[in-house]
Amino acid sequence: MRTDDAPAGAAERASDPDARDAVSSQRDVPDARERLSDHESEGAHAVISVRRLAKVYRMGQTSIPALRGVNVEVARGEFVAIMGPSGSGKSTFMNLLGCLDRPTSGEYWLNGREVSRLSADAIADLRNRHIGFVFQGFNLLARATALANVALPLLYAGMPREERERRARRALRIVGLGNRLEHHPQQLSGGQQQRVAIARALVNSPSLLLADEPTGNLDTRTGMDIMAILQRLNGFGLTIVLVTHEADIAAYAQRQISFRDGLVVSDQAVTQQRSATDELQELLARRSADGAGGEPVRIREEQA
Ligand SMILES: Nc1ncnc2c1ncn2[C@@H]1O[C@H](COP(=O)(O)OP(=O)(O)OP(=O)(O)O)[C@@H](O)[C@H]1O
Ligand SMILES: [Mg+2]
């Protein structure tokens, strides 16, 4: 449960778990570097290259052309925001990039390999080794702890328990949740649940992180926390493609691609990429300077 009282100053801020976690995720930065280095030797080709990518959903007699010939290249280390109105094909595109679905036609090259022609097993293997996926709704197992949720993909990979838990703890530290290992999802705030989901996406050391509206269920401040984590991960070389409806969120990316009616209608570099970490720090400083007159700082009451 949360209360929206408005404490101010360093002492209260230190008791704000979000602020504490933000600080602890800064401290874990070298860990993140170690974590994200697995794919550095993968060569110079683009992480993603799609050509004339099309997806037609068939429902009985009806065909729904969700993607109608998309060409996009994403280089290693880029941070791309995908925008566009509802129904324009963003999630369809992400599901294809994430190898959760196959295109109707066109090519998808992931780290230099053409995916669409691979067998289902080979695709599953590629997905497990290269891709982390974060969804708007977190998609955590309610009955499992944060640690167990994050370790789960490694169970599928057949890794021994001790190693699974070691890696899961490390991933949770990277997102600033080293102190929430045994919490279940309902004992965590929305932002913390999304951070568990990010840790789960990172646990296989992917070269590509896909996020479909990861801040869609979160308030502005919590959304900024998530973007600060994603920017930090991107700073260590992780390639990120993120869908968002919000221009404010897309401004944290380096490049913005807009979809409309299943086509890319614009693809532009962001001239002044915003730093979510800087903006969060400014926000915290403003709040402490404003005292009780500032925007409320949330205090989480720990649950028994
Ligand atoms: N499984 C499906 N079966 C049939 N049609 C689908 C399916 N998934 C998506 N569509 C249709 O494909 C089009 C693109 O949908 P998509 O979910 O990719 O849009 P979106 O850009 O992600 O929208 P939103 O912003 O609302 O999430 C829509 O017209 C949608 O109705
Ligand atoms: Mg969508």
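**Close-up views of a predicted model**

**View 1. Residues around ligand 1.** Tyr57, Met59, Ile64, Ala66, Gly84, Ser86, Gly87, Ser88, Gly89, Lys90, Ser91 and Thr92 surround ligand 1 (C-beta atom, placed from the backbone, within 6 Å of the molecule). Two or more residues each come from strand S2 (48-59), strand S3 (62-74) and helix H4 (90-97); helices (H or I, at least four residues) and strands (E, at least two) are DSSP runs numbered from the N terminus. H4 gives the most to this shell, three residues. By class, the shell holds four nonpolar, seven polar and one charged (Ala, Val, Leu, Ile, Met, Phe, Trp, Tyr, Cys and Pro nonpolar; Asp, Glu, Lys and Arg charged; the others, Gly among them, polar). The model is predicted: local features need pLDDT of at least 70 and side-chain atom pairs pLDDT 80 or more, while totals for chains, interfaces and linings use all residues. Residues are numbered from 1 along each chain as its sequence is written, and chains are lettered from A and ligands numbered from 1 in the order in which they are written.

**View 2. The open sheet.** The order of the four strands is S3-S2-S5-S6, with antiparallel pairing (at least two DSSP bridges between two strands). S3 and strand S6 (113-114) are at the edges with a single partner strand each, so one side of each has no neighbour in the sheet. Five bridges join S2 and strand S5 (residues 105-110) in the antiparallel sense. Ser49 lies opposite Trp109 in S5.

**View 3. Contact of H9 with H11.** Met224, Asp225, Met227, Ala228, Gln231 and Arg232 in H9 meet Ala276, Thr277, Glu279 and Leu280 in H11 (C-beta atoms, placed from the backbone, within 7 Å). These residues comprise five nonpolar, two polar and three charged.

Notes:
Two residues are in contact if their C-beta atoms, placed from the backbone, lie within 7 Å.
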